[in-house]
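I opened the notebook again today, with the model on one screen and a pen in hand. Here is what I looked up, in the order I went.

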Amino acid sequence: MPALACVNSYAADVFIPPSPPPPSSTSTAAVDAWSPSLSSSLYRIDGWGAPYFAANSSGNISVRPHGSNTLPHQDIDLLKLVKKVTDPKQTGGLGLQLPVIIRFPDVLQNRLESLQSAFDFAIQSQGYESHYQGVYPVKCNQDRFVVEDIVRFGSQFRFGLEAGSKPEILLAMSCLCKGSNPEEAFLVCNGFKDAEYVSLALMGRKLALNTVIVLEQEEELDLVIGLSQKMNVRPVIGLRAKLRTKHSGHFGSTSGEKGKFGLTTSQIVRVVRKLSQARMLDCLQLLHFHIGSQIPSTSLLSDGVSEAAQLYCELVRLGANMKVIDIGGGLGIDYDGSKSGESDLSVAYTLEEYAEAVVASVRFVCERRSVKHPVICSESGRAIVSHHSVLIFEAVSSVKPVVHEADPDDIRFLLESEEAYEELYSAVMRGDQERCLLYVEKLKQRCVEGFKDGVVSVEQLASVDGLCEWVLNAIGGSDPVQTYNINLSVFTSVPDLWGIEQLFPIVPIHKLDQRPGTRGVLSDLTCDSDGKIDKFIGGESSLPLHELESDGGRYFLGMFLGGAYEEALGGVHNLFGGPSVVRVLQSDGPHGFAVTRAVPGQSSADVLRGMQHEPEMMFQTLKHRAEEVMHHHTKGGEEEDDDDDDEAEFGNVAACLDRSFHNMPYLATEEVSMSNSLSAAVSNLGFYYCDEDDYLSA
């Protein structure tokens, strides 16, 4: 226990904290003994990031766009990319404001090809007598370019799409028409259905698309039978089964007998009989099921697939023209790098092990039942798109725990009336840490009660708080965690963190060659106490961070593995809109990358318009109010010589309002000119696009 400074110049027995000690004389070499590899271990980058993200020798995060096939010169330095995106146009940048989502189509292509390769290898090595043909569930990320990329990258594999609503089936049909195999790629139609939905799916077959209507509810069958006869279309029908197999945890709640979707065994039997009576049993060709997202282990996966394969064989026995078993989603990713099946944040298998377990389970059951091997389909959206995008945001300030200097005059009253102080003083002198913690709380509580009763002043209360904090520091009981204020809305960009406590890897994208000097929690811009990040992977309640530079140097953080669901689920709490978005391809040029598309985030006007406001009329209302106020001010006795000044001031007001409507609602880290206008804002934040076909062919 360090010695306590006792000060008796004002009060003989009152101790107060001394001035902070000077910095330690520890050698510079010992302090600076840090490396990117140590940061990689600290932030578990090699665990959750491999093979797409790594800490490079410059201390920055590198993106490896082709996964394990990435050559050394193909790495993309994320800090250099962020500077290109955010630097002003005058200096060669794109002038986009943070936060920004950076998409890497090369990563997306590698994920899809890796999934296909894993199933192809399992099928070949096990002598499976059919093939794998996956679909991408567009609900994971409906962005036009993401969906079009998947169709383009997957055309050679007959990779298809899955839709769960009428807008999704429209976009799926449109995107598949642009692919090279629209007749073969599956369009799996899930979700609740009305007559319009079923009609769209049947229309897809008229357009020579391979649409499959999956029955989620028993009553949907009547719609399918009636509309198919009316439209003179022979449908392809699937059904979703409620399996008995399910896993625990949040993601397992969507499966099992009490799951939201699917048919029970008794309902399945009735559907088969009704199709037989309608002479349409040959239309039943697909069985779909879903154990739950983030399936933790291959043992649970095998149990569910085996149960479904038995049901598939039973449908064959009942006379259905079965061809496809759709194992649904569930292929998980490792958010925390632990390679563990004990939580929703990780999985205890690789892509290859997942595919091997699926193929082996289906093959074993079908061969035992003498049933022809079906086509295996999966809806592995999370596994396909999670890695391909990175959310970049900035820590703009930090709040450090501050110890208030206790004033002896303000704590003199403790000697006269507070037994709790005497107890605390004795415990400190004895070095009794446990008692110190107890008496600190007791003293603070007594003084707060006195403050509420009006017998303790705010200065006295502040000095008591400082005294107690100093004691906690002395015994190692204080909380040194800082609060870093980030230019982000958790509700807009990371809604799953708030909604279901889903954790994502968050890492500084630079300074990884420097030892983090503190720990921090992240506080967003919203006026909401839930707008914070104080839980991190690895069970941590704070994140190792670097001190912000006093000269205004920027500190960039990245959230990784958030390419699935976050954009679709994000809201506009406090009217913070969506972030800027850029698409980046690996390039053999001097920078190692090429930005092929850049779109600024939603402006204040965009967000207001989405809430039924009319920004143009709002601007005119405020502009008219400014004219009225200035006219009244002039009539009140201003000299005519000041008219020019008033007119200039009015112009500044109008320009400021104009700029505020058309800029993003996030904090502006660059100082802007008062003369900036709508035309200047559009010029600075305008849409940037490079034709990828031209770029790739160049």
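Is K139 buried, exposed or partly exposed? I find K139 partly exposed, because its relative accessible area is 43%; buried means under 20%, exposed over 50% and partly exposed in between, with a 1.4 Å probe and protein chains only.

**Ground rules.** I am reading a predicted model, where local features need pLDDT of at least 70, side-chain atom pairs count only at pLDDT 80 or more, and totals for chains, interfaces and linings use all residues. I number residues from 1 along each chain as its sequence is written, and side-chain values use heavy atoms, with hydrogens and water left out.

**Entry 1: the two annotated residues.** I went to K139 since UniProt, in an unreviewed entry, gives it the annotation "modified residue: N6-(pyridoxal phosphate)lysine". I note that UniProt positions are in the numbering used here, that feature names are shortened, and that annotations may be inferred rather than shown by experiment. I located K139 in the loop between strand 5 (135-137) and helix 6 (144-154). My helices (H or I, at least four residues) and strands (E, at least two) are DSSP runs, numbered from the N terminus. Which residues does K139 contact, leaving aside its neighbours within four places in sequence? I listed E168, Y565 and A568, with contact meaning heavy atoms within 4.5 Å.

The other annotation, also from an unreviewed UniProt entry, is "active site" at C527. I found C527 in the loop between strand 16 (518-523) and strand 17 (532-533). C527 counts as exposed because its relative accessible area is 74%.

**Entry 2: the eight-stranded sheet.** I followed strand 5 into an open sheet of eight strands, in the order 5-6-7-8-9-10-11-12 and with parallel pairing. Strand 5 and strand 12 (375-377) are the edges, each pairing on one side only. I noted an average twist of 25 degrees from one strand to the next. Strand 5 pairs with strand 6 (residues 160-163) in the parallel sense over three bridges; I count two strands as paired if DSSP finds at least two bridges between them. Which residue in strand 6 is the bridge partner of V135? I read off G160.

Next I looked at helix 9 (residues 220-231), which packs on the sheet and touches strand 8 (210-215) and strand 9 (237-240). The direction of helix 9 makes about 145 degrees with that of strand 8. For such angles, axes are lines fitted to C-alpha atoms, for helices over the stretch in contact, and the values run from 0 to 180 degrees between N-to-C directions.

**Entry 3: helix 8 against helix 9.** I found that the axes of helix 8 (residues 195-206) and helix 9 come within 10 Å and cross at roughly 50 degrees. That makes helix 8 oblique to helix 9, because angles under 35 degrees count as roughly parallel, over 145 as roughly antiparallel, 65 to 115 as roughly perpendicular and the rest as oblique. From helix 8, A195, V198, S199, L202, M203 and K206 meet L223, V224, L227, S228 and M231 of helix 9.

Just past that pair I stopped at N232, in the loop between helix 9 and strand 9. N232 is not a glycine, yet its phi is positive, about 60 degrees. I marked N232 as exposed, because its relative accessible area is 71%.

**Entry 4: the three-stranded sheet.** I then turned to an open sheet of three strands, ordered 1-2-3 with antiparallel pairing. Its edges are strand 1 (53-55) and strand 3 (76-77), each pairing on one side only. S62 sits in strand 2 (residues 61-63) and stands opposite D77 in strand 3. Is S62 buried or exposed? I have it as buried, because its relative accessibility is 4%. Beyond its neighbours within four places in sequence, S62 touches Y52, F53, A54, N56, D75, I76 and D77.

**Entry 5: backbone oddities.** Most residues other than glycine have a negative phi, and most peptide bonds are trans. I logged a cis bond from A50 to P51, with omega near 0 degrees; P51 lies in the loop between helix 3 (45-48) and strand 1. I logged another cis bond from L98 to P99.

**Entry 6: whole chain.** I closed with the totals: 25 helices and 22 strands, and 51% of the 698 residues counted as buried.
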